[in-house]
Amino acid sequence: MPDMSDPFDLPFFDEPGGEPAPNPPARKAGGGIAARAMAARRGPQAQTPDYVSGLNPEQRLAVETTEGPVLVLAGAGTGKTRVLTTRIAHILATGRAYPSQILAVTFTNKAAREMKTRIGVLVGEAVEGMPWLGTFHSIGVKLLRRHAELAGLRSNFTILDTDDVIRLIKQLIQAEGLDDKRWPARQFAMMIDGWKNKGYGPKDIPEGDARSFANGKGRELYQAYQDRLKTLNACDFGDLLCLPIRMFREHPDVLAEYHRKFKYILVDEYQDTNTAQYMWLRLLAQRPKAERPTSPLRGGRAEGAGGGSLGTEGPPPLTPPLQGEGDAAASENRVNLCCVGDDDQSIYGWRGAEVDNILRFEKDFPGAAVIRLERNYRSTAHILATASHLIAHNEGRLGKTLFTEHSDPDASKVMVHAAWDSEEEARAVGETIEQLQRPDREGRRHNLNDMAILVRASFQMREFEDRFVTLGLNYRVIGGPRFYERQEIRDAMAYFRVVAQPADDLAFERIVNTPKRGLGETTIRQLHDIARARGVPMLTAAEDIVETEELKAKPRASLRNVVENFRRWQKMLDNTPHTELAEIIFEESGYTDMWKNDRSAEAPGRLENLKELIRSMEEYESLRSFLEHVALVMDTEQNAEQDAVTIMTLHSAKGLEYETVFLPGWEEGLFPHQRSLDEGGRSGLEEERRLAYVGVTRAKKNLHIWFVSNRRIHGLWQSTIPSRFLDELPEAHVDVAEAGSSYGGYGGAFAQGRGGNRQNPYGASRFDSVGSGNNAGSGSFSNTYATPGWARAQANKTAATDRNWGTRSGAGVERIGYGETDSQRGAGRGSVKTRTIEGELIAKSTMDTPSAFSVGDRVFHQKFGNGNVAAIEGNKLTIDFDKAGQKRVLDGFVTGV
DNA sequence: AAGCCGTGGATCATT
DNA sequence: TCCACGGCTT
C-alpha cells in the first residue's frame, strides 16, 4: 500500500494520542474491528470465538499464546499463514491492542498482501487499520520517512533500484581512476548488499573484503558510495534495513517510542531473516528490562567485527542500556514477539539468510514458548514420508515430523523416473501431463493449473518450453524478467522520477538522451561536473548552462527543450491527474514516438507495456505514491487466467502447492548443485537438501521425480549420475517407474519387502536389484535395456562401482545411511537386472565420478580422433590427441580403442 | 547509430 | 554451447 502521501498512521484505528490501549477502542460504531472486540469482551470465556474454532490444538495454542516470546515451527502445509492471521485477529478481537500497535513483518509483498486479505476476511473489515503490516523494507521506508533527518536524509528521499546502484558505482569506480572492467560495478554492488545484509557500514567490513576489491580500496569505495547516496538524498534496499537500525541505536528515545507503540510483533518466515533484519527485530522487540546477557547486538558475536555497527561516520556506540521507561509494569516489558518459520525450508542462505537465527531463538528469547505445527493438511502420507525421510539426513535441525490424519489407500507412491537425456525427460513429462489431462474413468480431468514443474536452475526450463510449444501445451513460466525491470518501464519511471524528484540525478541521466536528442557523453559530462562543483542537481545545472555559451548551438537548444519540458511537467504535477500527466510526458518527450518508429520485434510489446504501466497507475492516488509503490514492489500480479502448467524454479515455489508436481534434474552436480557444494560444503549440501524438501512438499497428491544420465551443461554433454537425494528417499513410499514404452529410457525398481532397515537409523532407502522376489512390475523390465545409452551407462557404472568398492570404501569414506549388506550388493552388482539406480551408490560414497579410464589408455573421440589419456580428474580426462593436441574432455565422450 | 566481433560467464534471485 | 555486453568499426 502506498502511504507516502500519508506518512502517518491512519488516525482511524490508531491508538488515541499514542497512549497505551488498556481498553479496546470504543469508537466506530457498527461492524468492524472495534465492534468485534467489544463482542469478544462481553463474554470472555463464555464461548469459543468462531475464528479459532476451525483450528487444531497446536494452531490454537499458537494463536492464543499471545504474551511473551513464541516460536512457531510450522512445517510445510501445516497452516502457517492461517495461524499468523488468526493470531492477529485474536489480538484485535480481544482488545489486546489496536491495529496500529501490531507490527507484522513479511519478506515479500505477496505474503504481506495475502495476510492483509486474510485478516480482512477474519475481522470482516478492510485492513487499512493495520498500518504496520508489510515487508521489512516497506516498514523500513515508513520509519525513515518519518525520521529521515535522524538518518541523514530528507523525507522525500529516493529509493534506488539495482540498476541505479550499478550505474552509480560504475561512476565512482571510474572517478577513482580504476579500470571498470577489472572491477565490475555489478560485483561491488553485490558485495555492498552482502555487507548491508550483515549490518556492516564501511567501517565495519572485514579487512579481507575491503582488500579484495578495487586494488584494496574496497572500504573507501563503499564509503564514497554512501557519501554519494547522501548527497543524492537517496538510499538503496540495504539501507532500508540498516538506516533504521542505526537510527534506533543513536536515538534511544525514538526507539523507546516504538517500544511503547508496538505491543505485538509478528514475523513470518523467520528462517529467512538475515543478520540486519535480526538486529532490527531485536532492537524493536527488546524491552528495557529484558535480560539479554549475550545479545549479539552488543557485539557479542564472534564474527561480528566491530559489533556489527552501521555508522558511516565513526563506529556507533554499542547499544546503550535502555533506560527511562523504568517504571513500566512488568507485563509491559514482555517481549510479545511471535516468529513463525520452518528451519527445514531455509533456502536463502546464499542471500544472507541466517538459519541460525531460528535455531537460536530459545537462547535469544529466554522462556520462549516453542510450538510445533506438524499436522499437515496438504500432502498424502507417501509424500510426507518421503519429505520427512529426506530431510532427516540433515543435521542441526530443530526437528519436526510431519504427519497427516487422512490416509488415502489409493494414494499413489512417489514416482522416480529415469531418462536418457534431458530432451527425453521433457518429452516424457509432457506425455505424462497429457495423460493426466485426459478424463479418467470417472470423467474427471486434471487441470493444467494443478500441475507444476519445479527445476533447480532456470536453464532447465528451456527444454520443457520447447517441448510444450511443440505439443501445444499451455504453460506459464514464473520468475522471468519482471515487469518493472524492463527497459521501457524503467525509462518511463525515470521520467516520472525527475518530475516528482527534480534532484534525482540518476533518473535524469538515464533519460536525458532517451530518445536520442544529440546529448552525448561530452554534454553529460559537462553537466555532471557543473552539478558537482556547485552542489546542485543536474537538472538545475542544465537550466543554468543553457543560458551560457558553453555548449554548442545544437545540444544547447536540445537541452533547453528538455529543461523546459521538465519544468512544465513539474508545474502540472499537482493539478493534473497523474495518469494523464504520464501520457503527456510520454507524448511530449517523444518517448512513445521512439518506440513507434522502432521496427524491431519487441517495439509493439514495449508500447503495450507502457499502456499497461499507465493502467496500473490508476490504482494510486498520486504520482508520488505510485513511485513509492514501484520502488518497493518489483513484481506484478501474474494473470492466472488460462489453464496452464507452471514452470518455475524450486526457490520461487516456496509457499505454493500443486496436485501434481514434477521435479526433474535430480542429478549430482545439478541437484545438489555443484556450486553449492563447492562454496557451501556441508551446509551447502544441507541447503540443497532443504530445497529438495521444499520441492517434495509442494505436492499434494502426485509427485514425479526425474533424473537423466546425460545433460547438456554449458553446451557440453555431460554424463551424470543420479542425485544422492534419490537414495535418501524411503523405499516404502517410492516406486521406480518402469521404462516408458515410447521413450526407451531405462527403468529400475526398488527391492521391496526386504524388511531390513535395521542397520540404518533412517530406514534403508536402497535402490537395489529387482531379482529378489519383489512384486514391482515383475519381469517387465528385462526388455528395455537395448539402447546404446543403457549399455554405456552400465559399462561406466560397473567400472566405477568396482573401483569404488575396491578402494574408496576400504579407505573409510563415509557412506551415509547405508545398511551394510554385502550379499545384496554382491547380488546386484554386475547383473543386468541391477538398475541404473545402483549408480546411486557411487554418488553416495564419493564426491566425484571416477572415470572408467586410466592414464595411458588409448582412446577415441568423435571430434578429435585418437589419443592417449594423460591425466584423470574425476570424470574429466586430459588427453593428448594425435592431431588435435591436448584437450580436456569428459570421459563420456571417448571410447577405449 | 547500427552492426560486428571478441570476451566472459553461466545457481537460486526479494526488496 | 549460447548469450549478453562492451568496444570497435562503418
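In the predicted model, E425 is buried, with a relative accessibility of 1%. The acidic side chain of E425 meets that of R711 in a salt bridge, with an N to O distance of 3.1 Å. This pair joins distant parts of the chain, since E425 belongs to helix 17 (residues 422-437) and R711 to strand 14 (residues 699-713), 286 residues apart. R711 has a relative accessible area of 3% and is therefore buried as well, the limit being under 20%.

A search of the whole structure returns 53 salt bridges. Among them is the contact between the side chains of R490 and D163, at 3.6 Å from N to O. R490 lies in helix 19 (residues 487-500) and D163 in helix 7 (residues 162-175), so this salt bridge ties together parts that are 327 residues apart in sequence. The two partners fall into separate accessibility classes: R490 is buried because its relative accessible area is 10%, whereas D163, at 27%, is partly exposed.

A further salt bridge is formed by E608 and R615, whose closest N and O atoms are 3.6 Å apart. E608 is partly exposed, with 40% relative accessibility, and R615 is likewise partly exposed, with 41%. Salt bridges also link K80, D268, E269, D272 and K654 in a network. Side chains of opposite charge can pair when their charged atoms come close.

One member of this network, K80, is also covered by the "binding site" annotation of the unreviewed UniProt entry. According to that record, the annotated residues are A74, G75, A76, G77, T78, G79, K80 and T81. Within this segment, G75 is placed in the loop that runs between strand 1 (70-74) and helix 4 (80-93). The relative accessibility of G75 is 4%, so this glycine counts as buried.

Acidic residues also gather on the surface, where E580, E583, E587, D593, E618 and E619 make up a patch of negative charge. Helix 24 (residues 578-589) supplies the largest share of the patch, with three residues. E587 is located in helix 24 and belongs to the patch. With 44% relative accessibility, E587 is partly exposed; this value satisfies the requirement of over 30% for residues of a patch. An α-helix has 3.6 residues a turn, so residues three or four places apart point the same way.

Helix 27 (residues 623-632) is mostly covered, with nine of its ten residues buried. The buried positions are L623, S625, F626, L627, E628, H629, V630, A631 and L632. The list thus includes the acidic residue E628, along with nonpolar side chains such as F626 and V630.

Burial is also found in strand 5 (residues 234-235), which contains C235. C235 has a relative accessibility of 0% and therefore counts as buried. In sequence C235 and V165 are 70 residues apart, and their C-alpha atoms are separated by 9.2 Å in space.

Technical notes
Residues are numbered from 1 along each chain as its sequence is written. Chains are lettered from A and ligands numbered from 1 in the order in which they are written. This is a predicted model: local features need pLDDT of at least 70, side-chain atom pairs count only at pLDDT 80 or more; totals for chains, interfaces and linings use all residues. Side-chain values use heavy atoms; hydrogens and water are left out. Patches are made of residues with over 30% relative accessible area and no salt bridge: like charges are joined within 9 Å, nonpolar side chains (Val, Leu, Ile, Met, Phe, Trp, Tyr) within 5 Å. Accessible areas come from the Shrake-Rupley method with a 1.4 Å probe; for residues, only the protein chains shown count as cover. A salt bridge is a side-chain nitrogen of Lys or Arg within 4 Å of a carboxyl oxygen of Asp or Glu. The place of a charge is taken as NZ of Lys, CZ of Arg, CG of Asp or CD of Glu. Helices (H or I, at least four residues) and strands (E, at least two) are DSSP runs, numbered from the N terminus. Buried means under 20% relative accessible area, exposed over 50%, partly exposed in between (1.4 Å probe, protein chains only). UniProt positions are given in the numbering used here, feature names are shortened, and annotations may be inferred rather than shown by experiment.
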